[in-house]
Amino acid sequence: MSGMNRQGRETRGDALAEAPETISGNRALQLNEPLSFEIGSRTRTGVDLPEAELETSRLGGLARTEPMDVPGLSEPETMRHFTRLSRMNYAIDMGLFPLGSCTMKHNPRLNEKAARMKGFADIHPLQPQGTVQGALQLIVELADWLKALTGMPEVAMSPKAGAHGELCGMLAIRAAHEANGDPRKTVLVPESAHGTNPATAAFCGYDVDSIPATAEGRVDLEALKGKLGPHVAGIMITNPNTCGLFERDMIEICKAVHEAGGYVYCDGANFNAIVGKVRPGDLGIDAMHINLHKTFSTPHGGGGPGSGPVVFSSRLAPYAPLPFVRKASDGQYELIEEEQAASGSHGESFGRMVAFHGQMGMFVRALAYIKSHGADGLKQVAEDAVLNANYILRQLEGVLTAPFAGSGPCMHEALFSDAWMKGSGLSTLDVAKAMIDEGYHPMTMYFPLVVDGAMLVEPTETESKADLDQFIHVLRGLAAAVKDGETERFKGAPFYAPLRRLDETQAARKPRLTRMHDEAA
Ligand SMILES: *Cc1c(COP(=O)(O)O)cnc(C)c1O
């Protein structure tokens with residue numbers, strides 16, 4: 001049945017079922033797109049180069065004997081191929097991207113304009129330092145902001161993502177213990193932690209011991225204290241945590257860990273909820289990464305590389321990695337590359353994380369974002385992100401199950417479990433697939449692990465009330481459909497995506513990442 005949707009537009013309803021199969025296989029603007037190998041062939045080429053006249057080849061036995069197995073496409077064919085593929089994607093510029101923990105906020109165009117300035121975009125990491133003073137100054141200025149916002153005395157700018165920042169922080173903690181002649185074996189990680197936390201600790205050679213959560217979704221302080229001892233190198237803790245709750249006992253947790261001779265690593269991926277409001281340094285944290293691509297709006301996911309600077313307490317500052325930038329007494333900015341040249345901070349550096357200095361383009365975008373908001377604007381970012389998440393929590397708590405709704409307001413994300421659909425034969429995955437049909441990227445699913453069938457919704461501060469209301473309307477409608485037993489709507493979803501439901505297990509376990517040779521044109 002065709003009808004009207006809430007914007008008064010005619011909906012397709014059953015009209016789609018009656019629609020003829022198209023001759024092309026395309027559906028209006030939704031174009032079918034084969035692989036580039038299926039469009040092009042290796043016997044064609046997009047360019048017309050004269051035969052090279054070589055007397056002797058310098059490749060010797062390394063010269064290729066077979067033609068290169070790449071699809072020959074012309075420039076317009078290549079452009080169309082990738083443009084068509086890009087239109088099958090969902091993006092933050094298309095609509096709400098409620099992926100919890102990921103902070104998919106709008107990327108202001110001002111950031112992009114700044115990042116494209118020649119003095120930032122067209123420089124080389126091996127250029128003489130005298131020719132890139134502005135870029136070095138920008139790194140120092142951003143570093144100063146990060147230190148001020150976190151209340152921490154030192155920062156390493158080079159880590160290239162959150163997980164890379166975790167590694168940086170944990171390597172500094174390991175170096176500090178080793179310098180004390182007391183290499184410890186265990187790192188404590190709460191049950192609700194992002195998978196990168198235990199992975200990082202294990203990568204650094206530590207045993208991981210997990211701390212349970214309380215019924216209200218926070219770290220169990222008594223259980224944590226029970227696990228402390230001379231074998232514990234430290235704790236990795238996320239605040240606000242992945243249940244979207246502020247860890248109220250943070251000061252006491254830090255005190256207890258310090259008294260046991262350990263260090264506190266904070267996963268700062270959720271800093272968006274508290275930026276301008278809380279300084280992690282005041283809570284007693286020793287190291288924390290900041291995802292510039294979350295809190296400070298630089299693009300991520302398919303849209304760009306990340307950047308994960310790590311702030312350090314004065315206890316860990318001597319172990320921070322190289323290189324770093326500082327302002328010398330003559331006002332020049334200099335890049336310190338060698339450990340022996342470092343004094344004070346970085347004096348006992350654990351070494352180097354990356355070949356060069358970090359993600360320059362992300363530094364420019366993050367600083368543009370910070371400066372265009374100012375300190376008061378950043379505080380409002382956190383307040384609006386928390387307001388939006390609480391609006392979603394309260395609008396949906398009577399429809400979905402919100403296991404921690406009784407723990408008070410949430411921070412920047414609202415967590416739901418699948419208890420509300422028990423007995424329906426449907427799962428969180430089915431609801432997520434139905435959201436694709438509704439034109440939304442699904443929320444984060446099955447994370448954190450502390451609730452069954454988790455759905456973690458993070459709207460971010462950049463969504464308007466109208467957009468939040470539309471999203472809530474859709475989720476309420478889907479919840480009603482679950483309760484009405486409209487199983488087909490979910491089991492068959494997505495119906496309208498270019499590809500229907502994928503076999504996710506097969507895709508993860510046996511991904512086909514290369515094209516088979518016998519498929520060659
Ligand atoms: C995103 C995230 C990470 C990892 O950050 P990347 O930049 O993706 O490496 C770690 N912990 C939490 C809680 C996160 O949300």
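**Around strand E5**

Colleague: Which residue in E6 is the bridge partner of Cys266?
Modeller: This is a predicted model, where local features need pLDDT of at least 70, side-chain atom pairs count only at pLDDT 80 or more, and totals for chains, interfaces and linings use all residues. Residues are numbered from 1 along each chain as its sequence is written, and side-chain values use heavy atoms, leaving out hydrogens and water. E5 and E6 (residues 287-289) run parallel, joined by two bridges, and strands pair if DSSP finds at least two. In E6, the partner of Cys266 is Met288.

Colleague: What joins E4 to E5 along the chain?
Modeller: Strands (E, at least two residues) and helices (H or I, at least four) are DSSP runs, numbered from the N terminus. Five bridges join E4 (residues 232-238) to E5, and the two run parallel. Between them, the chain makes a right-handed β-α-β crossover (clockwise over the helix, with the strands pointing away from the viewer). The element it passes through is helix H10.

Colleague: Why is E5 largely enclosed by the rest of the structure?
Modeller: Look at both faces: Tyr263, Tyr265 and Asp267 lie on one side, Val264 and Cys266 on the other. Buried means under 20% relative accessible area (1.4 Å probe, protein chains only). E5 is largely enclosed because the number of its five residues that are buried is five.

Colleague: Which helix gives the most to the largest nonpolar core?
Modeller: A nonpolar core joins buried Ala, Val, Leu, Ile, Met, Phe, Trp, Tyr and Cys residues through side-chain atoms within 4.5 Å. The largest has 59 residues, and E4, H10 and E5 are among the elements supplying at least two each. The top contributor, with 12 residues, is H13.

How values were computed: Buried means under 20% relative accessible area, exposed over 50%, partly exposed in between (1.4 Å probe, protein chains only).
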